[in-house]
2 protein chains.
Amino acid sequence: MKPKTNTNVIERWGIFELSLAGPSNGNPFLDVTLSAQFSYQNRVLEPDGFYDGDGVYRIRFMPDTPGEWRYTTKSNVPELDGQQGQFTCVAATTGNHGPVRVNNTFHFAYDDGTPFYSFGTTCYAWVHQGDALEEQTLETLKKAPFNKIRMCVLPKDYIYNENEPVYYPFERDEKGQSDFTRFNPEFFRHFEQRVGQLCEMGIEADIIIFHPYDRWGYCDMDAEGDYRYLRYLVTRLAAYRNVWWSMANEYDFLLDVKPMSQWDHYFHIVEEKDPYQHLRSIHNGNPAMNYDHTKPWISHVCIQHWDVKRVKEWRAAYRKPVINDECAYEGNIQRPWGNISAQELVHRFWIMVVRGGYAGHGETYMHPDDILWWSKGGVLAGESWKRIAFLREIIEDMPARGLSSMEGSFYWDVVSGGINGDDRLIYFGEHQPAQWAVGLPMEDGDYDIDLIDTWNMTITPLEKGPLPVSPPTRKKKTDKQVANPKPEAAFGVALPGKPYMALRVRPKK
Amino acid sequence: MKPKTNTNVIERWGIFELSLAGPSNGNPFLDVTLSAQFSYQNRVLEPDGFYDGDGVYRIRFMPDTPGEWRYTTKSNVPELDGQQGQFTCVAATTGNHGPVRVNNTFHFAYDDGTPFYSFGTTCYAWVHQGDALEEQTLETLKKAPFNKIRMCVLPKDYIYNENEPVYYPFERDEKGQSDFTRFNPEFFRHFEQRVGQLCEMGIEADIIIFHPYDRWGYCDMDAEGDYRYLRYLVTRLAAYRNVWWSMANEYDFLLDVKPMSQWDHYFHIVEEKDPYQHLRSIHNGNPAMNYDHTKPWISHVCIQHWDVKRVKEWRAAYRKPVINDECAYEGNIQRPWGNISAQELVHRFWIMVVRGGYAGHGETYMHPDDILWWSKGGVLAGESWKRIAFLREIIEDMPARGLSSMEGSFYWDVVSGGINGDDRLIYFGEHQPAQWAVGLPMEDGDYDIDLIDTWNMTITPLEKGPLPVSPPTRKKKTDKQVANPKPEAAFGVALPGKPYMALRVRPKK
């Protein structure tokens, strides 16, 4: 998807772009102010415009309502001020559901109401690898199950990530020193191209604005430099419907140079400059250093934590959707966040999802040329992504409401149970019962019960009936001798007694 | 091992037993007081005696020092009072190391200094199953790796445990009503026989004194009844060197009938009546209801918790040895504490042990006649016990000091690392690095490094050298740009990149 420049017709949630000629002398990034009021009937939205180099100024706008829209520009430069026009917003084309919003407290939906179940992956620096590898990454994503990708704006310097980027975000002198007051439009045009391509593929771009992996000085901009970068980025990209704002990766590793009050202010800038209020999150490094996700400008919880059974705690603490974007990656590097087995990552996905959260994928297999998917993209070398595709199909076949974790019994501390409307999903993981009844619906009604092998990706219908080995009836006890308050259920299903199984229970259709 | 009655020679940590004839009228359990002072030079110990039925009274004593011991009885019955005698305590026979004590804060050793690494199993009600099954259990234990067994004194009523016991601990009338003031000596003689047989096999008897799984009214004795039972039990059994006192299984399920102050008092009775101060612990049900293990009468932490990576927390909280006796059992029943896979139980054992704790085994495979090892004994049907034997061999081949968890890095939150003197053990579990350096000794010295496949039970020597794919050198950064404070180590080992591997590092011999 690309912006449509100076057009008269734009689809709903597409990008209308007004291109204007203006001054190129001085420092237009600092000197020129530009915005426009876009109105539909009595409703007004006011995006900023930006300087795109070579005397070209642009204002982008994403209309969310079909009909006639009008605009008037405002600028401190006469030739950019008071420009007026109108365009017609028409119905969205197939596959365009608008931006993703929070839905039903813990879940997501597109603006048109279509549920969005987040199955993301991470390729931090994929847009800094040059066209050949970047296009290979896009090809890989076409066959992969991921509908969200975490990606950094700024180049990355980290182990396995030593290559220079193709583009730099700021103008540089011969010694490589950046002028943080002058953006490099080519850098941003390239970045936008990739975001637009993701949009066409139905993939949300979870854009990481700050990160600590740096050797070019981008970490060390002063606060005003950060604010200017943030305004410029948001102004350019907010009209892309697939944008999510991730304020940082491992923000807490930057706290010595960017104190907490500054982080809050970053969010305020995004709130002010994004007319569409795209999703906003922030990602921690140290598991004990979660940002306070209850703050009102945080739309959903982005968490990095390996101990996935705690998702209930996070849901309860924040009352927002929980995405554990880094519950460790499938791979074999030395860092423990990048060397869990494929089976373990699939296991963690099931636990996160069944308990009413979402998880993120990544691959960190060592590669002779240091092309690790997690940072550079390329091809998928692992085994988890196919099982994540299988899980996604199962989740998308459930009610739109979204899963909530079963509660009220020790069972659900260790086994994962989720309810979604009349549907239930029980994931056993490392548990391998040969029979099961707990959490199955006991009330009247006909249910289909399926056994799901999460690793081998099979779904087998089961019969519900008397348990194959009925537990002994409990003898009469005094009230005080209740060793276990939950009586064994009388009906259930026979199971194969193997790990990594799940049950799906649905009303008969 | 059996008590030696009225003998002149007894081995160190054997059981000297004085048998005396006395009154059988009235209620000897209530009416007769009996004790004896055993002295070696100026040291005096004073065990109680007990009524064993049919006019027979017994006093048992476990001498811990070779040499001449003298005794004098005290009683309110003249014929039992003032009896004197002496015996010679000689060196212990092979395999007799005395009782187990706490050693080096977090570990155990026998009284003769031999380290004791706890590898326990659970057969709650095995002594209530009749001779055929009980003897089969003993046969199984002979080939199993367990050196401790958790077992209840009182009969058990619970799912899969509905059979009546062979013996009852109290006299019963025709309607099955117990007289809690009259013990059944036959019951205790049988129990002691089994404890003695375990002792001969080198297995510690972790004796569970109270539990909530009851239909006979044993839960509902009043406090004085509990105290009397406790005194009688301790008096009969304390001289068995392999006794550990486990005050209860899931004591918190009994709090409505036995308030917390009463639990503390139980421990005081054991302290008063056990001249040898055997190990004392108490086992929780609800993971949030741990007894305060810092109380001075608690020798070690007995915990029930599935989340085994928390062992560091428990060590830090209590500063005592930690045994996670129930981190769930291998099996396939519906209850989630009894249906984890063999691989998962082996995994939990490795995590507990490498991090400086101990774990307990149990099997809960469904059985047509409800003979589940966890409660009734019989045979082992699972796959974890062989791997636990393998782990035990590795641990017993390490220094006597005992393992301490590695700390100071996020690595050791997710990967398990242990140090024991100059030896190290690193367990990767669900992690599968293809190379590793962290935690390997970097200082001068020659080390043997072995790769351990914890499931397939193989040990393969590795070469330490430059890492097979050396991570890129980190570029110069400003001080503030430290994304990751731990530099990649320059030397390490190549690994197969599979889960469930471990490394053992030892000085070359």
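**View 1. H7(B) passes H9(B) in a right-handed crossing.** Keep in mind for this and every other view that the model is predicted. The two helices here are H7, residues 342–354 of chain B, and H9, residues 384–396 of chain B, and their axes come within 9 Å and cross at roughly 20 degrees. Angles under 35 degrees count as roughly parallel, and so H7(B) and H9(B) are roughly parallel to each other. On the H7(B) side, look for Ala342(B), Leu345(B), Val346(B), Phe349(B), Trp350(B) and Val353(B). They meet Ser384(B), Arg387(B), Ile388(B), Leu391(B) and Ile395(B) in H9(B). Sort the residues of this contact by class and you get nine nonpolar, one polar and one charged.

**View 2. Over in chain A, helices H4(A) and H5(A) also make a right-handed crossing.** H4(A) covers residues 223–237 and H5(A) covers residues 260–273; their axes come within 10 Å and cross at roughly 30 degrees. That angle makes H4(A) roughly parallel to H5(A). From H4(A), the residues to spot are Ala223(A), Asp226(A), Tyr227(A), Leu230(A), Arg231(A), Val234(A) and Thr235(A). Facing them from H5(A) are Gln262(A), Tyr266(A), Ile269(A), Val270(A) and Lys273(A). The mix in this contact is seven nonpolar, two polar and three charged residues.

**View 3. Strands S15(A) and S16(A) form a hairpin.** S15(A) takes in residues 170–172 and S16(A) residues 178–183, and the two run antiparallel, joined by three bridges. For a handy landmark, find Glu171(A), which stands opposite Asp179(A) in S16(A). Five residues lie between the strands, and in the turn Gly176(A) has a positive phi of about 85 degrees.

**View 4. Glu174(B) sits in the loop between S15 and S16 of chain B.** In chain B, strand S15 is 170–172 and strand S16 is 178–183. Glu174(B) has 5 C-beta neighbours inside 10 Å, so it counts as exposed. To get a feel for the distances, pick out Ala223(B): its C-alpha atom and that of Glu174(B) are separated by 25 Å, with the two residues 49 apart along the chain.

**View 5. Trp13(B) lies in a loop and is buried.** The loop in question runs between strand S2 (9–11) and strand S3 (16–21) of chain B. Trp13(B) has 26 other C-beta atoms within 10 Å, and 20 or more is what it takes to count as buried. Pro63(B) is 50 residues away along the chain, yet the C-alpha atoms of Trp13(B) and Pro63(B) are separated by 5.5 Å. What does Trp13(B) touch, leaving aside its neighbours within four places in sequence? Its contacts are Met62(B), Asp64(B), Ala92(B), Asn96(B), Gly98(B), Pro99(B), Asp111(B) and Arg241(B).

**View 6. Three strands of chain B make an open sheet.** Trace them in the order S10-S11-S12, with antiparallel pairing. Which strands stand at the edges? They are S10 (100–103) and S12 (115–116) of chain B; each has a single partner strand, so one side of each is left without a neighbour in the sheet. Between S10(B) and S11(B), residues 107–110, there are four bridges. One pair to look for is Asn103(B) and its bridge partner in S11(B), His107(B).

Technical notes
Residues are numbered from 1 along each chain as its sequence is written. Chains are lettered from A and ligands numbered from 1 in the order in which they are written. This is a predicted model: local features need pLDDT of at least 70, side-chain atom pairs count only at pLDDT 80 or more; totals for chains, interfaces and linings use all residues. Axes are lines fitted to C-alpha atoms, for helices over the stretch in contact, and angles run from 0 to 180 degrees between N-to-C directions. Angles under 35 degrees count as roughly parallel, over 145 as roughly antiparallel, 65 to 115 as roughly perpendicular and the rest as oblique. A crossing is left-handed if the near helix is turned anticlockwise from the far one by less than a right angle, and right-handed if clockwise. Two residues are in contact if their C-beta atoms, placed from the backbone, lie within 7 Å. Ala, Val, Leu, Ile, Met, Phe, Trp, Tyr, Cys and Pro count as nonpolar, Asp, Glu, Lys and Arg as charged, and the others, Gly among them, as polar. Two strands pair if DSSP finds at least two bridges between them. A residue is buried if 20 or more other C-beta atoms lie within 10 Å of its own, exposed if 12 or fewer, and partly exposed in between; C-beta atoms are placed from the backbone.
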